[in-house]
Amino acid sequence: MIKDAGRDKIHLTDDHFMRLALEEARKAYQKGEVPVGAIVVVDGTVVGRGHNLRETINNPVAHAEILALQQASQVLKRWRLNDATLYVTLEPCCMCAGGVVLARVRKVIFGCWDPKGGASGSLYDILRDSRLNHQSQVEGGVLEDDCRTLIMQFFEERRSVIS
């Protein structure tokens, strides 16, 4: 944490919030879900959390980002999240990027890139597409090694069980 010299307000770093998203990802891992976690932050406060639950609740749209956005909207009692930052351990897919655009999220910060399905700068760039009604600021690579290691470990374990 970094303390602002001019005030007593404490500013938490992106690394801090990504570690919270990693905690969510570990919850998914423990449930046998692809370990992706997300949190939504407004004014330094976590207002939404989520981790993948597709297998657990048999819901194809139960991605970490969607669940975190839903919880944030419920907590804040509004669907416009234009003052929010979404932290997620894996680059959002097309569906989740679409949810971010629809919720008008100000900024998305993610851990590791997803070259096969990422829609926030690698395969597609939905979040910064000027043809859409909203664009988000995007930053990738925050705690990238930690995020990538967790996902790789999950899939290595899956392959060893299958073979």
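**Group meeting: a buried histidine, a sheet and its helices**

Okay, let's start in a loop: His134 sits between β6 and β7, the latter being residues 137–140. Before I go on, keep in mind that this is a predicted model. So, is His134 buried or exposed? Its relative accessibility is 14%, and since the cut-off for buried is under 20%, His134 counts as buried.

What does the side chain of His134 do in there? One of its polar atoms lies 2.8 Å from the backbone oxygen of Val105. There's also a polar contact of 3.4 Å between the side chains of His134 and Ser136. Leaving aside residues up to four places away in sequence, His134 touches Val100, Val101, Arg104, Val105, Arg106, Leu127 and Asp129. Hang on to Val105, because we'll meet that name again in the core.

Now the sheet. It's open, with 5 strands in the order β4-β3-β5-β6-β7, and the pairing is mixed. β4 and β7 are the edge strands, and each has a single partner, so one side of each has no neighbour in the sheet. From one strand to the next, the twist averages 15°.

Let me zoom in on one edge. β3 and β4 run antiparallel and are joined by 6 bridges. If you want to follow the register, Val41 has Val46 as its bridge partner in β4, and Val42 has Thr45. The hairpin has 2 residues between the strands, and there Asp43 takes a positive phi near 50°.

On to the helices, beginning with α1, residues 14–30. Does the length add up, or, put properly, what should its 17 residues span at 1.5 Å a residue? They should span 24 Å, and the end C-alpha atoms are 24 Å apart, which agrees. α1 lies across β3, β4, β5, β6 and β7, and runs at about 140° to β3. α5 packs on the sheet as well, touching β5 and β6, with its direction at about 60° to that of β6.

Which residues of α1 are buried? That's Phe17, Met18, Leu20, Ala21, Leu22, Glu24, Ala25, Ala28 and Tyr29. If you look for a spacing in that list, remember that an α-helix has 3.6 residues a turn, so residues three or four places apart point the same way. The cover over the buried residues of α1 includes β3, β4, β5, β6 and α5. Just after α1, Gly32 takes a positive phi of about 80°.

α3, residues 64–76, is the other helix I'd like to show. Its 13 residues reach 18 Å from first C-alpha to last, close to the 18 Å expected. Buried in α3 are Ala64, Glu65, Ile66, Ala68, Leu69, Ala72 and Ser73, and the buried residues pack against β3, β4, β5 and α4. After α3 comes Lys77, again with a positive phi, near 60°.

Last stop, the core. The largest nonpolar core has 42 residues, and Met18, Val40 and Val105 touch the most other members. At least two residues each come from α1, β3, α3, β5, α4, β6 and α5, and α1 gives the most, with 7. As for Val40, outside the residues up to four places away in sequence, its contacts include Ala68, Leu69 and Ala72, which are buried residues of α3. And Val105 is where we came in: its backbone oxygen is the one 2.8 Å from the side chain of His134.

Okay, that's me done.

Key
Residues numbered from 1 in each chain as written. Predicted model: local features only at pLDDT ≥ 70, side-chain atom pairs only at ≥ 80, totals over all residues. Heavy atoms only, no water. Helix = DSSP H or I, 4+ residues; strand = E, 2+ residues; numbered from the N terminus. Expected span 1.5 Å × (residues − 1). Buried < 20%, exposed > 50% of the residue type's maximum accessible area, 1.4 Å probe, protein only. Contact = heavy atoms within 4.5 Å. Pairing = 2+ DSSP bridges. Polar contact = N/O pair within 3.5 Å; in protein donor to acceptor, adjacent residues only side chain to side chain. Axes fitted to C-alpha atoms, helices over the stretch in contact; angles between N-to-C directions. Core = buried A, V, L, I, M, F, W, Y, C linked by side-chain atoms within 4.5 Å.
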